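Open the model in your viewer and keep the selection box at hand. The tour moves stop by stop, with a selection to make at each one.

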Amino acid sequence: MDAGIFAVIGIGVVAAVIAAVLRQSKPDYALLVSFAAGIIILYRILIGVVPVVAEIEAIMQTTGINAEYAGIMFKALGICILTQIACDVCKDAGEASIATKLEIAGRVSILVVSLPLFTRVLSIVSSLMA
């Protein structure tokens, strides 16, 4: 197993315990601890994702698959991650209704980003049916 995931889990658990303790006496500091831990965890995740992205690009070049499709995939993944983070922040702040609206906005954004892919799939299906 990758040791990086244990570091991320450790950061998350320690930050959660510190935030829970601070929330009783200083809720503002608890929010700052949560925010700082989130940034550190995201940074650690991004460090691990860089080699994966490079490998996917190499596979795309080797197989001759259009790079536009990988771009659509990465954009959709980015929208999912950012939307989830924003929703979690809203829920932590007690704004569940705003979080719900953000989830809808994220889904619509993914649909818009992936429209060229849907168009390509439909053209392939129609050519196979003809």
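Contact, in this tour, means heavy atoms within 4.5 Å. This is a predicted model, where local features need pLDDT of at least 70 and side-chain atom pairs count only at pLDDT 80 or more, while totals for chains, interfaces and linings use all residues. Residues are numbered from 1 along each chain as its sequence is written, and side-chain values use heavy atoms, with hydrogens and water left out.

**Stop 1: Thr 83 and Leu 82**

Select Thr 83. Thr 83 sits in helix H3. Helices here are DSSP runs of H or I with at least four residues, strands are runs of E with at least two, and both are numbered from the N terminus. Which residues is Thr 83 in contact with, leaving aside its neighbours within four places in sequence? They are Leu 102, Glu 103 and Gly 106.

Is Thr 83 buried or exposed? Thr 83 counts as buried, because its relative accessibility is 17%. The cut-offs are these: buried is under 20% relative accessible area, exposed is over 50%, and partly exposed lies in between, using a 1.4 Å probe and protein chains only.

Now select Leu 82. Leu 82 also belongs to H3, which spans residues 67–92. Leu 82 has a relative accessible area of 61%, so Leu 82 is exposed. Add Gly 106 to the selection. The C-alpha atoms of Leu 82 and Gly 106 are 8.5 Å apart, with their positions 24 residues apart along the chain.

**Stop 2: Ile 110**

Move to Ile 110, in helix H4 (residues 96–113). Its relative accessible area is 23%, so Ile 110 is partly exposed. Show Ala 76, Ile 79 and Cys 80 too: Ile 110 touches these, not counting residues up to four places away in sequence. For a longer view, pick Ala 20. Its C-alpha atom is separated from that of Ile 110 by 35 Å, and the two residues are 90 apart along the chain.

**Stop 3: the two domains**

Colour residues 1–65 as domain 1 and residues 66–130 as domain 2. These bounds come from an automatic or database domain assignment. How far apart do the C-alpha centres of domain 1 and domain 2 lie? The distance is 22 Å.

Six residues of domain 1 are in contact with seven residues of domain 2. About 470 Å² is buried between the domains, and carbon and sulfur atoms give 85% of that area. Buried area is the accessible area, with a 1.4 Å probe, that two parts lose on being put together, summed over both. Select Ile 56, Met 60 and Ile 65. These supply 65% of the area that domain 1 buries against domain 2, more than any other three residues.

**Stop 4: Ala 54**

Select Ala 54 in helix H2. Ala 54 is partly exposed because its relative accessible area is 44%. Add Ala 3, which is 51 residues away along the chain. The C-alpha atoms of this pair are 21 Å apart.

**Stop 5: the largest pocket**

A pocket is found on a 1 Å grid over the protein atoms alone: it is an open set of points where a 1.4 Å probe fits, with protein on both sides within 12 Å along at least five of seven lines, and lining residues have an atom within 4 Å of a point. The largest pocket has a volume of about 620 Å³. Select Ser 34, Phe 35, Gly 38, Val 89 and Asp 92, the closest to its centre among the 20 lining residues.

Helix H1 (3–25), helix H2 (27–63) and H3 each supply at least two lining residues. H2 gives the most, with ten. The lining of the largest pocket has 14 nonpolar, three polar and three charged residues.

**Stop 6: the second largest pocket**

The second largest pocket holds about 350 Å³ of space. Select Leu 46, Val 49, Leu 77, Gly 78 and Ile 81, which lie nearest its centre among 13 lining residues. H2 and H3 are the elements that give two or more residues to this lining. Which element gives the largest share of the lining of the second largest pocket? H2 does, with seven residues.

Notes: Points joined across faces, edges and corners; volume = space filled by probe spheres on them. Nonpolar A, V, L, I, M, F, W, Y, C, P; charged D, E, K, R; others polar.
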